[in-house]
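Reader: I am new to this structure. Please take one part, look at it closely, and then show me how the rest fits around it.

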Amino acid sequence: MEFPEPHIHPPREKHTHTAIFLHGRGSNGPEFCNELFTSLTTNLKNLPDSLPSWRWVFPTAKTRFSSRFREDQSAWFDVWSIDNTEDQEELSVDGLRESVSYILKLLADEIERVDGDASRVFLCGISQGMATALWTFLCAAGQINQPLGGIIGFCGWLPFSHKAEDLTRRQQALELLHQNGINQSLIESSKLDNKRQMSKLFRDIIAGPNLPEIDASTDISILSTPVLLSHGRDDPVVSIRLGHQAYRILKHLEVPTEWHYYSGAEANGHWIKEPQGFDLIIEFIEKQLHRGT
């Protein structure tokens, strides 16, 4: 089964930028677009009103059999538990492999539409869509050889975070040994720097045939893309603890990352707070647009 065609909301003015926005589990591109665009900023504008020259791309995930709920669902990958993300996490691998490869292709297509300037393309997602966006970002080294305009994620998590944190602890321990003047020959050290090691970790988990190997020469400039992560403190679906865990991992990699939280959003907290969250999206985007001027 192929991925359905993305839902496209075209720009109202001459096209300058693109946002690819990934829905959560059980949704789809058109439905998510409608839900997102009915929300307003403080200025009583929705996202297309605020960014009239933007093209909005809403992909739809494949329909997959949920091992937990024993039914078919629209999902970027299968997941057994959000409370304990390590429980049967191997169920996520096939879906992540397919979805990451698909989103990487969408990114390449949209970058081509804006004359090859990746800084004019933003990758965004909510819940499982944020998880997939972060995975795509961390697997993109060597394929997209320039920073994107930004990554935006709400109410999500980073699958296999425990493996990333294990690697982070090893990297920190080695750095501490180096700082204390321990004989280099006594330390088993990788030839890859921290960012390349992390990218390799995620590549190795899904081991996709279309994902090239990471080595010391791999271009990792995409990992300097600015990131905005935000989460509801009262989110009953994905704990804020998991969102903050993703933030910590990105900060360790020195990815420029903002972290925000809020309370009282719709869907019992598992949504973007209106209007504050939508103000935050616009403020973050405008900050990145001015970065290059």
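Author: Start at the end of a helix. A207 follows α6, and its phi is positive, near 45°. Keep in mind that this is a predicted model.

Now step back into α6 itself. The helix has 13 residues. From its first C-alpha to its last it reaches 19 Å, close to the 18 Å expected at 1.5 Å a residue. Several of its residues are buried: K195, R196, Q197, M198, S199, F202, R203, I205 and I206. Note that K195, R196 and R203 are on that list, and that Lys and Arg count as positive here.

α6 also has a part in the surroundings of another helix. It spans residues 194–206 and is among the elements that cover the buried residues of α3. That leads to α3, the part to look at most closely.

Helix α3 runs over residues 93–113 and has 21 residues. Its ends, C-alpha to C-alpha, are 30 Å apart, close to the 30 Å expected at 1.5 Å a residue. Twelve names need checking off along it. V93, G95, L96, S99, V100 and Y102 are buried. I103, L104, L106, L107, E110 and I111 are buried too. There is a general point behind such patterns: an α-helix has 3.6 residues a turn, so residues three or four places apart point the same way. Look for that spacing among the buried residues of α3, for example at L96, S99, I103 and L107.

What lies over these residues? The cover includes the strands β2 (17–22), β3 (54–58), β4 (63–66) and β6 (121–126). It also includes the helices α4 (128–139) and α6 (194–206).

Where α3 stops, the backbone does something worth a look. D115 comes just after the helix and takes a positive phi of about 60°. D115 is not a glycine. Its place is the loop between α3 and β6. With a relative accessible area of 69%, D115 is exposed; the cut-off for exposed is over 50%.

C155 makes a useful contrast. It too has a positive phi, about 55°, although it is not a glycine. C155 lies in the loop between β7 and α5 (161–179). But C155 is buried, with a relative accessible area of 0%.

Next, follow two of the elements that cover α3. Take β2. H17 is found in this strand. At 13% relative accessibility it counts as buried, since the cut-off is under 20%. Leaving out residues up to four places away in sequence, H17 touches S53, W54, R55, V114, S119, R120 and L289.

Then take α4. M130 has its place in this helix. It is buried, at 1% relative accessibility. M130 and G153 are 23 residues apart in sequence, yet their C-alpha atoms are 4.9 Å apart in space. G153 is also one of the residues that M130 touches, beyond those up to four places away in sequence. The others include G125, F154, C155, G156, W157, L229 and A246. C155, met above with its positive phi, is thus a neighbour of M130.

Past α4 comes G149. It lies in the loop between α4 and β7 (150–154). G149 is buried, with a relative accessible area of 1%. Not counting residues up to four places away in sequence, it touches A118, S119, V121, F122, T225, P226, Q288 and R291. S119 appears among the contacts of H17 as well.

Q288 points to the last helix here, α8. This helix has 16 residues and reaches 22 Å from first C-alpha to last, close to the 22 Å expected at 1.5 Å a residue. Its buried residues are G277, F278, D279, L280, I281, I282, F284, I285 and Q288. Before it sits P275, in the loop between β9 (257–262) and α8 (276–291). The peptide bond from E274 to P275 is cis, with omega near 0°.

Finally, the whole. The protein chain has 8 helices and 9 strands. Its radius of gyration is 19 Å, close to the 19 Å that the globule rule gives for 293 residues, so it is as compact as a globular protein of that length. Buried residues make up 54% of the 293. Of the contacts with a separation of 6 or more, 77% join residues 24 or more positions apart.

Key: Residues numbered from 1 in each chain as written. Predicted model: local features only at pLDDT ≥ 70, side-chain atom pairs only at ≥ 80, totals over all residues. Heavy atoms only, no water. Helix = DSSP H or I, 4+ residues; strand = E, 2+ residues; numbered from the N terminus. Expected span 1.5 Å × (residues − 1). Buried < 20%, exposed > 50% of the residue type's maximum accessible area, 1.4 Å probe, protein only. Contact = heavy atoms within 4.5 Å. Rg over C-alpha atoms; globule rule 2.2 N^0.38 Å.
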